[in-house]
Amino acid sequence: MKKSTMTPWKVEGDVNYEKLVKEFGTSLISEKIKKKIEKCHPLLRRGIYFSHRDFDKWLEAHEKGKKVSVITGRGPSEKMHLGHLVPFLVAKSLQEQFNCEVFIPVSDDEKFYVKENLSFDDSMKFSEDNILDLIALEFKPGKTFIFEDFVYTNIYKYAAKIAKRITYSEAKAVFGLKPENNVGWSFYPAMQAAHILFPQFMRGKHMSVVPVGIDQDPFIRLTRDVASHRDFNLEKPAALHAKFVPSLTGDAKMSSSEGTQIFLSDTEKEVENKIKRYAFSGGQNTIEEHRQHGGNPEKDVSFQYLKYFFELNDEKLKKIHDDYKSGKMLTSELKQILIEKINAFLKEHQKKKHLAKGQINKFLIKN
Ligand code: TRP
């Protein structure tokens, strides 16, 4: 096993998820919860989301007819790729299933502080571009609220109130701040806590859930502590934690530095080339061996992508799984299915992103 490091700003090596659940004190998503979300997005029902905090309470509040909401954010450090969609696809699916409001902060300040080479102007440009990608996902207008930290400056008031209740040593312990980090890093946790409590600041005390990568849990813990402070007296936000979607090459996190991810702006040809060239295969070295021994869908990145993103039909997915495992389906055939699915998705997405420009006002909150 490769050595693993994980902070909200860096993930490397293999991640032991069971250990994290113990270390962080979160709960695995139970069968009982799974039953209640079985119509939701495959990312939720097929296991990328594996852990939670108080999501049972969130579901219960909804069952009792109380208000519930979803909040999850985007750190706009670059153009978006498939892996970035994970929390938003889930947020959308929760919105559809539970008819609730969704709040989406875009933390250009965070990325500006943390990415040494990201200029101020570029961080704002990526915000604008990423916001169009988010709108293209077709959240419900009137029930979905997007804001960018550098533009929706009202958020600062909330961040300040929270910052006053976080000590430097808490921030340091939770985030592993280092002496050489600029001071933006130490303030930013207050900003993200403000994001997470924003639905309650706007709409009053209620249960809100944050679908996020498990690496973001330190923010959740900090925010839950702050929520119950007497200055605020808010509900502790619930969380749904995702594992990392593997990169094309099969690494733990689909990070962009390796140049092997599918961007939402990729052309059909680029998608085809990347999948053929990089998608880690669970197949055998030769066709003869493959026919004889079959492939390993658990390791095969193309199969994983079908499972988590693109093959919504459980029976069809099972057939692909079984055919691949038995050797009836070859890697090249599996890849071809994925290429077609991704390209169909991206074609629609790119069209909707273009149209999103005319819809911005329906989604952005104003100061
Ligand atoms: N920090 C998150 C990231 O880097 C983005 C983010 C900003 C976020 N605000 C949030 C995530 C609120 C969840 C909730 O990806």
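Here are two short exercises with worked solutions on a helix and a ligand site.

The model is predicted, so local features need pLDDT of at least 70, side-chain atom pairs count only at pLDDT 80 or more, and totals for chains, interfaces and linings use all residues. Residues are numbered from 1 along each chain as its sequence is written, and side-chain values use heavy atoms, without hydrogens and water.

**Exercise 1.** Work out which residues of helix α1 are buried and which are exposed.

*Solution.*
- Step 1: In α1 (residues 17-24), pick out Tyr17, Leu20, Val21 and Phe24 as buried (under 20% relative accessible area, with exposed over 50% and partly exposed in between; 1.4 Å probe, protein chains only).
- Step 2: These residues lie on the same side of α1 because they cover an arc of only 100° around the axis, taken from the directions from the helix axis to the C-beta atoms.
- Step 3: Turn to the other side of α1, where Lys22 and Glu23 are exposed.

**Exercise 2.** Find the side chains with polar atoms close to a nitrogen atom of the ligand, and say what surrounds the ligand.

*Solution.*
- Step 1: Look for polar contacts, pairs of N or O atoms within 3.5 Å. An N or O atom in the side chain of Glu110 is 2.9 Å from a ligand nitrogen, Gln192 has a polar side-chain atom 2.9 Å from one, and for His195 the distance is 2.8 Å.
- Step 2: Of the 370 Å² that the ligand exposes when taken alone, the protein buries 90% (Shrake-Rupley method, 1.4 Å probe).
- Step 3: Sort the shell residues: five are nonpolar, seven polar and three charged. Four of the shell residues, the largest share, come from α10.

Definitions and conventions
Helix = DSSP H or I, 4+ residues; strand = E, 2+ residues; numbered from the N terminus. Polar contact = N/O pair within 3.5 Å; in protein donor to acceptor, adjacent residues only side chain to side chain. Nonpolar A, V, L, I, M, F, W, Y, C, P; charged D, E, K, R; others polar.
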